[in-house]
Structure formats: C-alpha cells, structure tokens
There are 2 protein chains.
Amino acid sequence: MEFSVHIKMNEKLYLRDPEQSELGRKILKHGLELINKLGFEEFTFKKLAVAINTTEAGIYRYFENKHRLLIYLMTFYWSYLEYKIVFSINNLTSPEKKLKKAIELLVVEGDDAEVPSYLSVKKLQQLVMWEGSKAYLTRHVGTDNKDRLFKPYKDLCARLSDLILSYSPKYKFPHSLASTVVEMAHAQKFFKNNLPALTDFPNEKEDKKLTAFLENLLFSSMNTK
Amino acid sequence: MEFSVHIKMNEKLYLRDPEQSELGRKILKHGLELINKLGFEEFTFKKLAVAINTTEAGIYRYFENKHRLLIYLMTFYWSYLEYKIVFSINNLTSPEKKLKKAIELLVVEGDDAEVPSYLSVKKLQQLVMWEGSKAYLTRHVGTDNKDRLFKPYKDLCARLSDLILSYSPKYKFPHSLASTVVEMAHAQKFFKNNLPALTDFPNEKEDKKLTAFLENLLFSSMNTK
DNA sequence: TTTACATGATAGTATTACTATCTTTTTTAA
DNA sequence: TTAAAAAAGATAGTAATACTATCATGTAAA
C-alpha cells in the first residue's frame with residue numbers, strides 16, 4: 001500500500017496555489033534551495049527567476065513577496081512535523097515515550113521520501129535552523145498572526161504542551177516549555193555548527209548529545225515540584 | 001561618589017568610533033530608536049540620516065552597514081549585562097542566589113541611568129527581543145565570529161556556565177543550558193507579547209511568571225541526576 | 001470553438017545600499 | 001596663530017531590489 005499525506009496550506013500565504021502547477025512547484029523547490037544557498041537576506045525573486053528560467057513577474061503571481069514564501073515553507077515543515085509526531089506516537093502508551101519520540105523527531109534528519117518531490121525535509125530543516133525565527137520576527141507579526149499564518153507552529157507546540165500535561169498534570173508552564181524545546185532543538189544545532197562556545201556538543205555528525213540535553217531539560221522541569 | 005563604567009567596544013565594529021563625536025553618538029541614539037520603531041528590515045541609513053539631519057554618506061563613515069550597527073548595539077547590551085551581573089553577584093555567597101540574581105537581571109527592565117545618555121537599556125532590551133538573533137543568523141556568522149564580534153555574548157554565557165558548574169559540578173551541558181536561558185528570556189517575552197499561545201504568561205506588565213519559568217528550567221535541570 | 005486563464009516578454013518606478021568627489025568647517029599641533 | 005589635518009556637509013552617481021503594469025501568446029476547460 002502506498003500513500004502520502006497532503007498538507008492543506010493556509011490560502012492567505014499565496015496568490016496562486018504553487019502546488020497546482022509546474023511553475024509553482026519549481027518556485028517551491030528552487031526557492032527552498034536558493035534561500036538555503038544564499039541566506040534569506042541575499043535571496044531575491046529575481047535570482048530565483050533566473051534559476052528557474054522564468055521572470056520575476058511570474059513569481060510575483062504566486063507569492064506577494066519573499067517573506068510569504070518563507071512562511072509557506074516554514075509552515076509546511078511545522079505541519080509535516082506535527083503530523084509525523086502524531087503518527088509516530090499513536091502506537092505508544094506512556095507519555096514519557098511519546099515525549100521522547102517527539103524530541104527525537106525534532107532532532108533527527110528527516111526523510112525526504114515522505115514529502116512531495118518538490119520539497120525536501122532535510123532542506124526544510126536547514127531552513128528552519130537558519131531562517132526559522134525570521135518568519136515571525138517582523139513588525140507585521142500581529143497581522144500575520146491574525147491571518148493564522150503561525151497556526152501550524154502553535155499547533156505543534158500545543159500538541160507538545162498536551163503531552164507535557166499528560167505526563168505531569170501539575171506542571172505550570174507547558175506551553176513555554178514546549179516552545180522552548182522546539183526553539184532550542186534548532187537554535188542549539190545552529191550554535192553547534194556556528195558558535196560552538198554556546199554549546200556542549202562536539203562537532204560530530206550525530207546529535208545524541210543534543211537529544212540528551214533536550215530530554216534532560218524537559219523531564220527535569222516536569223519532574224520538579 | 002559618582003562613577004560610570006566604560007565598555008570597550010570591538011574596533012572591527014566601526015570605521016570611526018561613534019562614541020567620540022556628536023554625530024557618532026547621534027547615530028547610536030537615533031539608530032537604536034529608529035530600528036525599534038521600524039524594525040530592522042525597514043530601517044535604512046537614508047532614513048536615519050534624515051532623522052538626524054545628516055547625509056547617508058555621513059553615516060557610512062561610521063558604520064560599514066546597518067548590520068554592523070546592529071551588532072554594535074547588541075554587543076554593547078551583552079557587555080553591559082555581563083558587567084551588571086558580575087557587579088550584582090559580587091556580594092553574594094551561594095551559587096543559587098547568584099544564578100537567581102542573573103535571571104532577574106535577564107528579565108527585569110533595566111535602568112537607563114546606568115549607561116551613557118545616548119543609549120538606553122530599555123530600548124536595547126526591546127532591540128534584543130525583536131532583532132537579537134538577526135545579529136548572528138547570517139551567512140557571514142563565521143567571519144563575524146572570527147572577528148570576535150560575538151565575544152560579549154559568549155562571555156555572558158560562559159559566565160552563566162561557570163555559575164551553573166559551581167552550583168552543580170557534574171551537570172553535563174552548562175553552556176547549552178546557559179544559552180538556552182539567555183535566549184529564552186527574550187524569546188518568551190516576544191512570544192508573550194506577540195504569539196501568546198506559545199507561552200503561559202498572561203499579558204501583564206510584570207514578568208514574575210517568566211522569571212519563575214526560567215528558574216524552574218534552570219534549577220530543575222541542574223538538580224537532576 | 002470560444003473563452004478564460006496561465007505564462008512570457010518587456011518596461012518602468014521608487015527605494016536601497018552603497019561609492020566617489022569636492023567643499024567647508026572644526027580640531028589639533030607646531 | 002597659523003598651517004595642516006581631520007571631520008562633516010553637499011551632491012552625484014550606480015547597480016540592484018522590490019515591486020507594478022501592460023500586452024502578446026499558448027494552452028486547457030466549457
């Protein structure tokens with residue numbers, strides 16, 4: 001049996017649905033790659049247009065601006081991750097195991113085969129690490145939030161928050177703890193690679209120590225008081 | 001007795017020392033204010049030039065680009081904060097009290113009177129909250145790091161890391177825990193104000209709950225195992 | 001087969017992120 | 001005090017960015 005999950009994207013993110021056309025899918029695929037290559041600040045629609053042999057105007061028909069494209073890619077990833085977590089913990093019984101699984105999924109390299117070929121989980125993870133917080137660190141975070149653009153991220157944190165409460169019903173800060181773990185999964189990876197003095201992780205390929213750190217952070221907090 | 005501390009800034013940050021001239025100090029003061037007002041992306045040297053009645057070229061004589069100005073302001077804050085922590089815990093004996101003091105200083109509104117009049121701790125704190133991570137989330141983080149531009153931030157984390165070890169010598173991830181607490185002090189404030197679903201803090205002026213969360217996070221981790 | 005619609009091609013604009021040059025003013029040092 | 005050095009002001013210019021607009025063409029659905 002073969003199947004794939006389709007993630008319904010917020011319609012406010014685009015002007016024309018990029019999944020529905022060849023050009024749209026090219027924008028997503030090469031957009032992701034080019035942002036990763038150049039960094040978000042250096043990335044422009046002009047450069048993307050050249051890369052996929054179309055015109056700037058062509059891309060503007062799909063996305064209002066590059067920031068919307070960034071949020072599109074980010075929210076795809078958060079939705080995918082939430083789905084992946086729900087699916088993976090479905091068969092588990094203890095909240096402890098569920099939370100450990102969730103941390104593992106936050107940290108390990110994803111599998112590109114699980115998403116449409118015009119996207120790549122590994123590349124999305126790189127994007128989250130480098131550009132993730134730029135999705136919300138803008139002056140229009142308020143209106144973007146009203147447009148529910150951050151719903152997938154909030155849903156993911158809410159999901160973790162529920163797990164935290166089911167493990168430790170009296171814990172006082174489940175949402176903050178959830179967002180801390182999610183943020184730190186990526187921030188600590190960035191630090192490990194770029195500002196290693198801020199971490200205790202040797203620069204090896206595996207992220208076992210990061211996983212251990214996040215588990216320690218999460219379970220210690222929940223087990224206290 | 002009146003005194004003030006002078007923070008020596010990394011010379012690579014500027015082309016001409018902004019503290020040494022009226023124009024330089026105006027760039028710092030109004031630069032900080034204008035970035036806070038417009039957000040870093042919308043902020044330009046042209047707009048700043050208009051605001052302080054000089055020319056774009058005039059500002060470029062002090063700072064290579066707006067990103068350097070951002071790092072200048074950020075590192076000033078991190079240096080100030082480290083000094084403030086060292087000064088405040090000097091008279092304390094227990095590592096526990098020292099760490100609690102450090103968290104308090106990370107969270108509470110600073111006192112503008114403690115820095116030169118062309119800067120403002122409160123405004124720098126707003127800057128850290130909104131633009132802080134943009135200082136390092138760039139493709140040139142490697143070269144910037146080689147130029148030691150992030151030293152004040154790393155020093156601050158190292159300081160906290162030492163306190164963590166003196167409280168709990170066997171704790172395995174003192175640097176990561178330190179950077180987590182510092183990052184979260186600001187990220188959670190941002191979430192509280194802008195994406196409250198990611199926190200458990202009601203939108204009141206006081207940050208007592210944030211302090212409680214950070215203390216819980218820190219001490220639980222250190223007390224485990 | 002009409003007609004709607006997506007794409008392509010081209011052009012244009014205000015702004016950004018600089019660099020260059022020349023003049024005037026202020027500071028400093030002989 | 002005066003000459004020279006340095007800082008600031010004024011102006012200009014350039015390539016790139018972040019769009020918007022228009023018109024032609026090809027393709028797919030009614």
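**Exercise 1. Determine which phosphate contact Ser21(B) makes, and describe the surroundings of DNA strand D.**

Step 1. A polar side-chain atom of Ser21(B) is placed 3.3 Å from a phosphate oxygen of DNA strand D. A polar contact is a pair of N or O atoms within 3.5 Å; within protein, one must be able to donate a hydrogen and the other to accept it, and residues adjacent in sequence count only if both atoms are side-chain atoms. This is a predicted model, in which local features need pLDDT of at least 70 and side-chain atom pairs count only at pLDDT 80 or more, while totals for chains, interfaces and linings use all residues. Residues are numbered from 1 along each chain as its sequence is written, chains are lettered from A and ligands numbered from 1 in the order written, and side-chain values use heavy atoms, leaving out hydrogens and water.

Step 2. Tyr62(B) also has a polar side-chain atom 2.5 Å from a phosphate oxygen of DNA strand D. On the base side, an N or O atom in the side chain of Glu56(A) lies 3.2 Å from a base nitrogen of this strand.

Step 3. There are 17 residues around DNA strand D, and Tyr60(A), Arg16(B), Thr54(B), Arg61(B) and Tyr62(B) come nearest (near: a heavy atom within 4 Å of the strand). Sugar and phosphate make up 49% of the strand D atoms that come within 4 Å of the protein.

Step 4. Helix H3 (residues 56-60) of chain A gives the largest share of this surface, 3 residues. Helices (H or I, at least four residues) are DSSP runs, numbered from the N terminus.

**Exercise 2. Identify the polar side-chain contacts of Thr54(A), Arg61(A) and Tyr62(A) with DNA strand C.**

Step 1. For the phosphates, Thr54(A) has a polar side-chain atom 2.9 Å from a phosphate oxygen, and an N or O atom in the side chain of Tyr62(A) is 2.5 Å from a phosphate oxygen.

Step 2. For the bases, a polar side-chain atom of Arg61(A) lies 2.8 Å from a base oxygen.

Step 3. The largest share of the surface near DNA strand C, 3 residues, is supplied by helix H3 (residues 56-60) of chain B.

**Exercise 3. Decide whether Ser220(B) is buried or exposed, and name its contacts.**

Step 1. Ser220(B) belongs to helix H10 (residues 208-223) of chain B.

Step 2. Its relative accessible area is 2%, so Ser220(B) is buried (under 20%; exposed is over 50%, partly exposed in between; 1.4 Å probe, protein chains only).

Step 3. Beyond neighbours within four places in sequence, Ser220(B) is in contact with Ser220(A), Ser221(A), Thr224(A) and Glu215(B) (contact: heavy atoms within 4.5 Å). The side chain of Ser220(B) also reaches the backbone oxygen of Asn216(B) at 2.5 Å.

Terms used: Helices (H or I, at least four residues) and strands (E, at least two) are DSSP runs, numbered from the N terminus.
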